[in-house]
Amino acid sequence: PFNLFQDKNGKIGSVYTSFRNDDYLYLGTNQGLYYKMFNDQEFELIPGTNGQVWNLQYIDSTLFCGHNSGTFVINGNEAKLVSERSGTWTVKKMLNLPNVYVQGHYNGISFLKRNDETFESLPMVKGFPHSSKFIVPERDGSIWIGNEHKGVFKINVTDNLQSISNIKNYKFDGTSGITSCIFKFNDSLYYSTTKELFQYRPGTDNFSNKSKLSEILSKTDRISGSIVNEGDDKIWGFSENSVFYVELSQLSSNFNFKSIYLPNDLRNITKGHENITSIKNETYLLGTANGYLTFRESNISSEEYLLRIDRVTHSALDNKAEMVSLKGGEAFHYKSNNINIDYSIPEYKKFSSPLFSYRLLGLSPNWSSWGKEPRVGFKNLSFGSYEFQVKGKIGENITDVVSYNFDISRPWYLSYLAIGI
C-alpha cells in the first residue's frame with residue numbers, strides 16, 4: 001500500500017513539507033523548494049529558493065512558502081520573496097482582518113497585507129522576540145503562539161499591527177516543551193508535548209491535561225509533540241512504529257482512532273518536523289529523511305495479524321535437537337530439558353516488522369519485553385508442567401496469544417517409588 005520515493009543521489013534532501021495542486025507537486029526540503037508536473041519524472045529546484053524550507057500553506061488561493069530567508073509566494077515554478085526575514089516558520093490567515101496574514105519567525109512575528117496582486121510586509125512586532133513556530137489566530141483578533149522553551153503565549157496587537165497591546169504567558173512547569181506544538185481540533189485549542197496533551201479551558205483560562213483526546217494519545221508511544229491538522233476534524237500524530245490519526249466520529253461526540261504501521265526508522269525525519277499532507281482522494285504524502293512515501297488511506301487494511309508457533313525442538317545437553325509435534329504428546333525425558341520454540345507472523349511486507357513478547361508459565365508469570373527475535377530457548381528446565389505463551393505486535397495492533405503446552409518427566413530417582421525406598 002506504500003509507494004516509496006528515495007532520493008538516492010541526495011539531490012532533494014529531507015522533505016519537511018509538501019503541497020499538490022492541479023498542475024504541480026511541491027516538496028519543501030532542507031535544500032530548497034522543488035516541483036514537478038505530474039507527467040515528469042524528475043523534480044526541479046525553483047530558482048531562488050535554495051536553503052531550508054519549513055512550511056507550505058495554501059491560503060486564499062495563494063501558496064505561501066516559509067523559508068530560512070523569509071516568506072515566498074509561489075506561482076507555478078516561480079518564487080517571489082514578499083517578506084525578507086530571519087526565517088519564517090509559518091504563515092496564517094488573520095480571522096478578524098481581511099487580506100491580512102500573520103507570520104511566525106525565528107525571532108518573533110510580523111504581518112503581511114495583500115493589496116490586490118502585491119503584498120506589503122510590515123515591520124516586526126515590537127516587544128515579542130520569541131521564536132513563533134506554531135500560530136493559531138482567533139476570530140476575536142487574539143493570537144496563540146507556541147514556543148518550545150516558554151510554553152504558550154496569547155497576544156493581542158495594536159491596530160497598526162506593529163506592537164503588543166496585551167500578552168499572557170501560559171507555562172507548563174516540569175514539562176519539556178522540546179518538539180511541542182499548538183493546534184486547534186474540534187473547536188478546542190491544544191498544547192502538545194511528547195509526553196502530555198493539554199486542552200485550553202476558556203472558563204478557567206488555563207490548560208488541563210485531562211481530556212478525551214489526551215486519554216487517547218496517552219496510549220500511543222509518541223516520538224515528539226508534533227500534531228498535524230487536516231482541517232478541524234482530523235489530526236495526525238507519530239509514534240515509534242506507526243503514524244496515526246484521530247477524527248471526529250460521525251455518529252457520536254467521541255473520536256475515532258486508527259494506527260498505520262510504519263516504523264520510525266523508515267521515516268527518520270528530524271523530531272518535531274514530522275509532516276504528512278493530503279494530496280488527492282485520500283492519498284497522503286509523508287516526508288522522510290531522504291525523500292517521501294505516499295499511501296492511500298483506504299488501502300491500508302485493518303487486517304488482524306495471525307501469530308503461529310512454527311517449530312518446537314528439545315534436546316539433552318550437547319545433543320542434537322529433535323523436533324516434536326506441535327499437537328503435544330508424551331512428556332519430554334528429564335534429560336531432554338532444553339527447549340527451543342520458533343514463531344512468526346506470516347506478514348512479509350517491506351514496511352512490516354513484528355515484535356514479540358513471551359512467557360513460560362511454570363517458570364515465570366512475567367511477560368518479556370517486546371523484541372524482534374522470532375524464537376526463544378529455555379535451558380535446563382526442571383521437571384513439571386509448562387505452558388509457553390507468545391503474542392505479537394505490529395504497530396499498535398496486538399495479536400491474540402498462542403500457546404504450547406508440554407511436560408518434562410520427573411527423574412526416576414525422584415519418583416515417588418524411589419523416594420519411598
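**Figure 1. Strand β6 gives the most to the lining of the largest pocket, with 6 residues.** This is a close-up of a predicted model, and the pocket is a good place to start. About 1,400 Å³ of space lies inside the largest pocket. Its lining is made of 43 residues, and those closest to the centre are Asn55, Gln57, Lys92, Val228 and Asn229. How is such a space found? Rolling a probe the size of a water molecule over the atoms shows where empty space is left. Which strands should you look for around the largest pocket? At least two lining residues come from each of β2 (15-20), β6 (53-59), β10 (88-93), β14 (134-137), β18, β22 (228-229) and β26 (276-280).

**Figure 2. Threonine 88 and its neighbours.** Start by finding strand β10, the home of threonine 88. Is threonine 88 buried or exposed? Threonine 88 has a relative accessible area of 0%, so it counts as buried. Two polar contacts are worth tracing here. The side chain of threonine 88 reaches the backbone oxygen of glycine 70 at 3.3 Å. The side chain of threonine 88 also makes a polar contact with the side chain of histidine 105, at 3.2 Å. Leaving aside residues up to four places away in sequence, threonine 88 touches Trp54, Gly66, His67, Gly70, Thr71, Gln103, Gly104, His105 and Tyr106.

**Figure 3. Asparagine 68 in the loop between β7 and β8.** The strands on either side of this loop are β7 (62-67) and β8 (70-75). Asparagine 68 has a relative accessibility of 37%, so it counts as partly exposed. Which side chain does the side chain of asparagine 68 meet in a polar contact? The partner is the side chain of tyrosine 106, and the distance is 2.8 Å. Now look for glycine 87: it is 19 residues from asparagine 68 along the chain, while the C-alpha atoms of the two are separated by 4.1 Å. With residues up to four places away in sequence left out, asparagine 68 touches Gln52, Trp54, Arg85, Ser86, Gly87 and Tyr106.

**Figure 4. An edge-to-face pair formed by phenylalanine 172 and phenylalanine 207.** A pair of aromatic rings is described by the distance of the centres and the angle of the planes. In the whole model, the count comes to 40 aromatic pairs. For phenylalanine 172 and phenylalanine 207, the values are 5.3 Å centre to centre and 65° between the planes. Phenylalanine 172 lies in the loop between β17 (164-170) and β18, and phenylalanine 207 lies in strand β21 (residues 206-208), so the pair ties together parts that are 35 residues apart in sequence. Phenylalanine 172 is buried, with a relative accessible area of 13%. Phenylalanine 207 counts as buried too, at 15% relative accessibility. Step back a little to see the cluster, in which ring pairs link Trp144, Tyr170, Phe172, Tyr191, Phe198, Tyr200 and Phe207.

**Figure 5. Two lysines over tryptophan rings.** Lysine 133 lies over the face of tryptophan 89, at 5.4 Å from the ring centre. In the other view, the charged end of lysine 391 sits over the ring of tryptophan 367, and the distance to the ring centre is 4.2 Å.

**Figure 6. Two aspartates with positive phi angles.** Most residues other than glycine have a negative phi. Where does aspartate 116 lie? Find aspartate 116 in the loop between β12 (108-115) and β13 (118-121). Phi of aspartate 116 is near 55°, a positive value in a residue that is not glycine. Aspartate 116 has a relative accessibility of 69%, so it counts as exposed. The second view shows aspartate 187, in the loop between β18 (181-185) and β19 (188-192). Aspartate 187 is not a glycine either, and its phi is positive at about 65°. At 65% relative accessibility, aspartate 187 counts as exposed.

**Figure 7. Isoleucine 300 and proline 1.** Isoleucine 300 lies in the loop between β28 (291-296) and β29 (308-315). How far apart are the C-alpha atoms of isoleucine 300 and proline 1? They are separated by 6.3 Å, although the two residues are 299 residues apart along the chain. Isoleucine 300 counts as buried, at 10% relative accessibility. Its contacts, not counting residues up to four places away in sequence, are Pro1, Phe2, Lys258, Ile260 and Phe295.

How values were computed:
Residues are numbered from 1 along each chain as its sequence is written. This is a predicted model: local features need pLDDT of at least 70, side-chain atom pairs count only at pLDDT 80 or more; totals for chains, interfaces and linings use all residues. Side-chain values use heavy atoms; hydrogens and water are left out. Helices (H or I, at least four residues) and strands (E, at least two) are DSSP runs, numbered from the N terminus. Buried means under 20% relative accessible area, exposed over 50%, partly exposed in between (1.4 Å probe, protein chains only). Contact means heavy atoms within 4.5 Å. A polar contact is a pair of N or O atoms within 3.5 Å; within protein, one must be able to donate a hydrogen and the other to accept it, and residues adjacent in sequence count only if both atoms are side-chain atoms. Rings of Phe, Tyr and Trp (its six-membered ring) pair if their centres lie within 6.5 Å; planes under 30 degrees apart count as stacked, over 60 as edge-to-face and the rest as tilted. A charge sits over a ring if NZ of Lys or CZ of Arg is within 6 Å of the ring centre and within 35 degrees of the ring normal. On a 1 Å grid over the protein atoms alone, a cavity is a set of points where a 1.4 Å probe fits but cannot get out, and a pocket is an open set with protein on both sides within 12 Å along at least five of seven lines; lining residues have an atom within 4 Å of a point. Grid points are joined across faces, edges and corners, and a volume is the space filled by probe spheres set on the points.
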